[in-house]
Amino acid sequence: MHISDITGSVGVALLLIAYFMNLFKLLGQDSKVYGILNVAGAGLACYASVMIGFIPFVILEGMWAIVALIGMLRKKDHSGVH
């Protein structure tokens with residue numbers, strides 16, 4: 001097993017954990033943990049795709065990580081507003 005396999009597997013595992021925890025209502029979409037799992041998972045999966053040179057997944061996972069990060073930052077900005 002190569003480092004890209006391990007990196008990608010960990011990333012995908014984090015994404016699936018977030019998905020299943022949300023699906024079974026153990027973790028809300030608005031929770032900080034959900035956002036962290038998505039950013040970290042997509043970031044690792046993107047990096048693994050860069051390592052193997054698979055551009056379609058670099059784009060997919062890179063955008064996923066960016067969108068998840070923007071969502072987290074927006075929640076942070078709105079959390080102080082009452």
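Trainee: How many aromatic pairs does a search of the whole structure find?

Mentor: The search finds three of them. Bear in mind that this is a predicted model.

Trainee: What kind of pair do tyrosine 19 and phenylalanine 20 form?

Mentor: Look at two values, the distance between ring centres and the angle between ring planes; planes over 60 degrees apart count as edge-to-face. For tyrosine 19 and phenylalanine 20 the centres are 5.4 Å apart and the planes meet at 70 degrees, so the pair is edge-to-face.

Trainee: Why is the pair of phenylalanine 20 and phenylalanine 24 called stacked?

Mentor: Planes under 30 degrees apart count as stacked. Here the planes are at 15 degrees, with the ring centres 6.4 Å apart, so the label is stacked.

Trainee: Which residues do the ring pairs link into a cluster?

Mentor: Tyr19, Phe20 and Phe24 are the members.

Trainee: Which of the terms buried, partly exposed or exposed fits each of these rings?

Mentor: Relative accessible area decides: buried is under 20%, exposed is over 50%, and partly exposed lies in between. Tyrosine 19, at 48%, is therefore partly exposed. Phenylalanine 20 is partly exposed as well, at 41%. Phenylalanine 24 reaches 57% and so counts as exposed.

Trainee: What is the order of elements from the N terminus on?

Mentor: The order is α-α-α. The protein has three helices and zero strands.

Trainee: How does the span of helix α2 relate to the expected value?

Mentor: The expected span comes from a rise of 1.5 Å a residue. Helix α2 covers residues 32-52, which is 21 residues, and reaches 30 Å from its first C-alpha to its last, close to the expected 30 Å.

Trainee: Which residues of α2 are buried?

Mentor: Among them are Gly35, Gly41, Ala42, Ala45 and Ala48. The buried set also includes Tyr34, Leu37, Asn38, Cys46 and Ser49.

Trainee: What follows α2?

Mentor: Glycine 53 does, and its phi is positive, near 70 degrees.

Trainee: What share of the whole protein counts as buried?

Mentor: Of its 82 residues, 27% do. The accessible surface is about 5800 Å², and carbon and sulfur atoms account for 73% of that area.

Trainee: How is the overall extent given?

Mentor: As a box along the principal axes; the C-alpha atoms fill roughly 50 × 25 × 15 Å. For contacts, take those between residues at least 6 apart in sequence: 54% join residues at least 24 apart.

Trainee: How far apart are the mean positions of the positive and negative charges?

Mentor: They are 11 Å apart, with 5 positive and 4 negative charges in the protein.

Note on methods:
Residues numbered from 1 in each chain as written. Predicted model: local features only at pLDDT ≥ 70, side-chain atom pairs only at ≥ 80, totals over all residues. Heavy atoms only, no water. Helix = DSSP H or I, 4+ residues; strand = E, 2+ residues; numbered from the N terminus. Buried < 20%, exposed > 50% of the residue type's maximum accessible area, 1.4 Å probe, protein only. Contact = heavy atoms within 4.5 Å. Areas by Shrake-Rupley, 256 points an atom, 1.4 Å probe, with all protein chains shown as cover. Lys, Arg positive; Asp, Glu negative; His and termini not counted. Charge placed at Lys NZ, Arg CZ, Asp CG, Glu CD. Expected span 1.5 Å × (residues − 1). Phe/Tyr/Trp six-rings, centres within 6.5 Å; stacked < 30°, edge-to-face > 60°.
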